[in-house]
Amino acid sequence: MTRNAFVMILLASSLLACNSAPNEASGKAAVNTSKVMVNKTITLAVEGMTCTGCENTVKASVEKIPGIASASASFKDKTVVIAFDSTRAGINDMSTAITTVGYEVKGLKTTVEEVKKTTK
């Protein structure tokens, strides 16, 4: 396979991944709707999101995990903010869900609020 053909296939698969993201408005995204007691919120640094479709894919994959109350992804900030019950879900579960749909978790991202809590 020539290099140009390989690059074209890679670009096409990337575009398809972004455009095939679940559409929450249509109800296609399976979301955990059970009541969850939130006792922890974290921000994960995630690489590879390039559009709102990517955000929706990451959000939907995380919200399928039992114990997740909500998730909010931002391709611009390269983050996913997740509110969850730490007795039912863990960071490994979230990382696995995100990497399974094609993105790379770089680790926890410290927020200004977390820094304030640790310096008091």
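These exercises walk through a predicted model of one protein.

**Exercise 1. Lay out the elements.**
State how many helices and strands the protein has, and give the order of its elements.

*Solution.*
Step 1. Count the elements: the protein has 4 helices and 4 strands.
Step 2. Read from the N terminus: the pattern is α-β-α-β-β-α-β-α.
Step 3. Place some of them by number. Strand E1 covers 40–47, helix H2 52–63, strand E2 68–74, strand E3 79–84 and helix H3 91–100. Strand E4 covers 104–108.

**Exercise 2. Build the sheet.**
Find the order of the strands in the sheet, and explain which strands stand at the edges.

*Solution.*
Step 1. Start with the order. The 4 strands form an open sheet, E2-E3-E1-E4, with antiparallel pairing.
Step 2. Look at the ends of that order. E2 and E4 each have a single partner strand, so one side of each is left without a neighbour in the sheet. These two are the edge strands.
Step 3. Add the twist. On average, neighbouring strands of the sheet are turned by 25 degrees against each other, direction ignored.
Step 4. Recall what holds such strands together. Strands of a sheet pair through backbone hydrogen bonds.

**Exercise 3. Check each pairing.**
For each pair of strands, give the number of bridges and one pair of partner residues.

*Solution.*
Step 1. Take E2 and E3. They run antiparallel and are joined by 6 bridges. Ala73 stands opposite Val80 in E3. Their hairpin has 4 residues between the strands, and Lys78 there takes a positive phi near 60 degrees.
Step 2. Take E3 and E1. Again 6 bridges join an antiparallel pair. Ile42 has Ile82 in E3 as its bridge partner.
Step 3. Take E1 and E4. This antiparallel pair has 4 bridges. Val46 is partnered by Val105 in E4, and Glu47 by Glu104.

**Exercise 4. Place two helices.**
Name the strands that H2 and H3 lie across, with one angle for each helix.

*Solution.*
Step 1. H2 lies across E2 and E3, at about 165 degrees to E2.
Step 2. H3 lies across E1, E2, E3 and E4, at about 35 degrees to E1.

**Exercise 5. Find the core.**
Identify the residues with the most contacts inside the largest nonpolar core, and the elements that supply it.

*Solution.*
Step 1. The largest nonpolar core has 19 residues. Met49, Ile68, Ile82 and Met94 have the most contacts inside it.
Step 2. Trace the supply. E1, H2, E2, E3 and H3 each give at least two residues to this core.
Step 3. Follow Ile82. Beyond its neighbours within four places in sequence, Ile82 is in contact with residues including Ile42, Leu44, Val62, Ile68 and Met94.
Step 4. Check the cover on E3. Of its 6 residues, 5 are buried, so the strand is mostly covered.
Step 5. Set this beside the whole protein. Of the 120 residues, 32% count as buried.

**Exercise 6. Judge Thr41.**
Is Thr41 buried, exposed or partly exposed, and what separates its C-alpha atom from that of Phe84?

*Solution.*
Step 1. Locate Thr41: it is found in E1.
Step 2. Apply the cut-offs. Buried means under 20% relative accessible area, and exposed means over 50%. Thr41 has 44%, so it counts as partly exposed.
Step 3. Compare chain and space. Thr41 and Phe84 are 43 residues apart along the chain, while their C-alpha atoms are separated by 6.3 Å.
Step 4. Widen the view. Among contacts between residues at least 6 apart in sequence, 71% join residues at least 24 apart.

Technical notes. Residues numbered from 1 in each chain as written. Predicted model: local features only at pLDDT ≥ 70, side-chain atom pairs only at ≥ 80, totals over all residues. Heavy atoms only, no water. Core = buried A, V, L, I, M, F, W, Y, C linked by side-chain atoms within 4.5 Å. Buried < 20%, exposed > 50% of the residue type's maximum accessible area, 1.4 Å probe, protein only. Contact = heavy atoms within 4.5 Å. Pairing = 2+ DSSP bridges. Axes fitted to C-alpha atoms, helices over the stretch in contact; angles between N-to-C directions.
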